[in-house]
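The following paragraphs offer a guided reading of a protein structure. Please keep the sequence and the coordinates at hand while following the text.

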Amino acid sequence: GGNTVSGLSDYLNYIAPSLTLQPVLPTVNGINSTEHWDVIVSNASNNSSASNTWISLQSLSGNINVISVTNLSTSVTITPVGGIYQLGAYAFNTSKTYRIEFSYNTCTFDSLVMYAGWDCSGYPASVAAYPCTPKKTTLYLNPQPAELQIQVTGPARSVIGLCDTTGFEVIFNSVQIASCYNLISNAILPSGLAVVPGTSEAIYPTTSGWSSIADPTVTGQNN
C-alpha cells in the first residue's frame, strides 16, 4: 500500500474600497475672478476602508489655476504634494465634501479633470505613477460675458474762463453678468487743458464716499 494525502483549498474573496466622485454642480458659471466647485468624495464600500486616499486636479488647457482645496466639514485647507492632495484614510460608507477654489484666464468654455485613488502602501508621487486606474470626473467652467459702458459728464457750465478750472466725471457701468476687473481708461485732453494735481477721486460702490486716486498720466492732446 501507500499513503494518500488529501488537500483542502480556502478561497479569499477580497472586496476593495469603492471611491466615487460627485460634483455638486458639474458646471460653474464664471462671474467673478475666482469661483469654486464643491465635490463629494465617497467610499461607497460597505466593509472596506481606503488607505491613503488622494485626489489630483489637472487643467489640460492651462487656463484654470487651483487656488485651494478645503475640507468643508473641518475647514482644513489641504496642501498638495507633487500635485497630490492627501486626504488620509477613508472609512467605509464615508463621504466628505471638498471645495476647489480656482482662478481662470479664459473667456471660453473650459474644464478641470479630477482624479482620485487610494493605495495601501502610500501616496503616489504623481497621477502617472499610480499603479492602478484612478477614478476620474470632469469639472466644467462656463465664463459669462462682461462688458463696460462709459458715460462722461461735465463740465458744469458751457463756458469756461481762461485759466479757470472745471470738473469732469467718468462713469463706468458693468452691463453684463460677469464682473469687470482692473479697469483702464484712456482720455485725450484738448490742447491747453491739464489735470490739476491732487484732484482725482473715485467712488465705489456708489453708496460710499469719494477717495483720492493717483492722477492720470497724459499721453497726448488734441490740437
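Val 170 is a convenient place to begin; this residue is found in strand S12. The model is a predicted one, and every value quoted below is computed from it. With a relative accessibility of 43%, Val 170 counts as partly exposed, because this class covers the range between the 20% limit for buried and the 50% limit for exposed residues. Val 170 belongs to a nonpolar patch on the surface, together with Leu 148, Ile 150, Val 152, Phe 168, Phe 172 and Leu 183. The combined accessible area of these residues is about 630 Å². Two elements give two or more residues each to the nonpolar patch, namely strand S11 (148–153) and strand S12 (169–174). The largest share, three residues, comes from S11.

The loop between S11 and S12 holds Ile 160. Its relative accessibility is 36%, so Ile 160 counts as partly exposed. Ile 160 also gives a sense of distance within the model: its C-alpha lies 62 Å from that of Val 76, and the two residues are 84 positions apart in sequence.

Attention now turns to a sheet. Strands of a sheet pair through backbone hydrogen bonds, in either a parallel or an antiparallel sense. Here, five strands form an open sheet with mixed pairing, in the order S2-S10-S9-S4-S7. Strand S2 (27–30) and strand S7 (85–90) are the edge strands, each pairing on one side only. On average, neighbouring strands of this sheet are turned by 25 degrees against each other, direction ignored.

The sheet can be followed from the S2 edge. S2 pairs with strand S10 (residues 135–143) in the parallel sense, over four bridges. Within this pairing, Val 28 has Leu 141 of S10 as its bridge partner. S10 in turn runs antiparallel to S9, and seven bridges join the two strands; here Leu 112 stands opposite Leu 139 of S10. On the next step, S9 and S4 are also antiparallel, joined by five bridges, and Trp 54 has Gly 117 in S9 as its bridge partner. How much of S9 is covered? The strand is mostly covered, with seven of its eight residues buried.

Aromatic contacts provide a second view of the fold. A pair of aromatic rings is described by the distance of the centres and the angle of the planes. A search of the whole structure finds four aromatic pairs. One of them is formed by Trp 37 and Phe 102, with 4.1 Å from centre to centre and 20 degrees between the planes, and this pair is stacked. The two residues belong to distant parts of the chain: Trp 37 lies in strand S3 (residues 34–43) and Phe 102 in strand S8 (residues 94–104), with their positions 65 residues apart in sequence. Trp 37 has a relative accessible area of 0% and is therefore buried. Phe 102 is likewise buried, because its relative accessible area is 0%.

A further pair consists of Phe 109 and Tyr 140; their ring centres are 5.7 Å apart and their planes stand at 25 degrees, so this pair is stacked. Phe 109 lies in the loop between S8 and strand S9 (110–117), while Tyr 140 lies in strand S10, so the pair ties together parts that are 31 residues apart in sequence. Tyr 140 has a relative accessibility of 31% and therefore counts as partly exposed. Ring pairs also link Trp 37, Phe 102 and Tyr 104 into a cluster.

The backbone deserves a final look. Most residues other than glycine have a negative phi, and most peptide bonds are trans. Where is a cis peptide bond found in this model? One joins Tyr 204 and Pro 205, with omega at about -5 degrees. Pro 205 sits in the loop between strand S14 (201–202) and strand S15 (211–212).

Positive phi values are also present in residues other than glycine. Asn 52 has a phi of about 50 degrees, and this residue lies in strand S4 (residues 50–58). Ser 75 has a phi near 60 degrees. In contrast to Asn 52, which lies in a strand, Ser 75 is found in the loop between strand S5 (64–71) and strand S6 (76–77). At 60% relative accessibility, Ser 75 counts as exposed, because the value is over 50%.

Definitions and conventions. Residues are numbered from 1 along each chain as its sequence is written. This is a predicted model: local features need pLDDT of at least 70, side-chain atom pairs count only at pLDDT 80 or more; totals for chains, interfaces and linings use all residues. Side-chain values use heavy atoms; hydrogens and water are left out. Two strands pair if DSSP finds at least two bridges between them. Axes are lines fitted to C-alpha atoms, for helices over the stretch in contact, and angles run from 0 to 180 degrees between N-to-C directions. Patches are made of residues with over 30% relative accessible area and no salt bridge: like charges are joined within 9 Å, nonpolar side chains (Val, Leu, Ile, Met, Phe, Trp, Tyr) within 5 Å. Accessible areas come from the Shrake-Rupley method with a 1.4 Å probe; for residues, only the protein chains shown count as cover. A salt bridge is a side-chain nitrogen of Lys or Arg within 4 Å of a carboxyl oxygen of Asp or Glu. Buried means under 20% relative accessible area, exposed over 50%, partly exposed in between (1.4 Å probe, protein chains only). Rings of Phe, Tyr and Trp (its six-membered ring) pair if their centres lie within 6.5 Å; planes under 30 degrees apart count as stacked, over 60 as edge-to-face and the rest as tilted.
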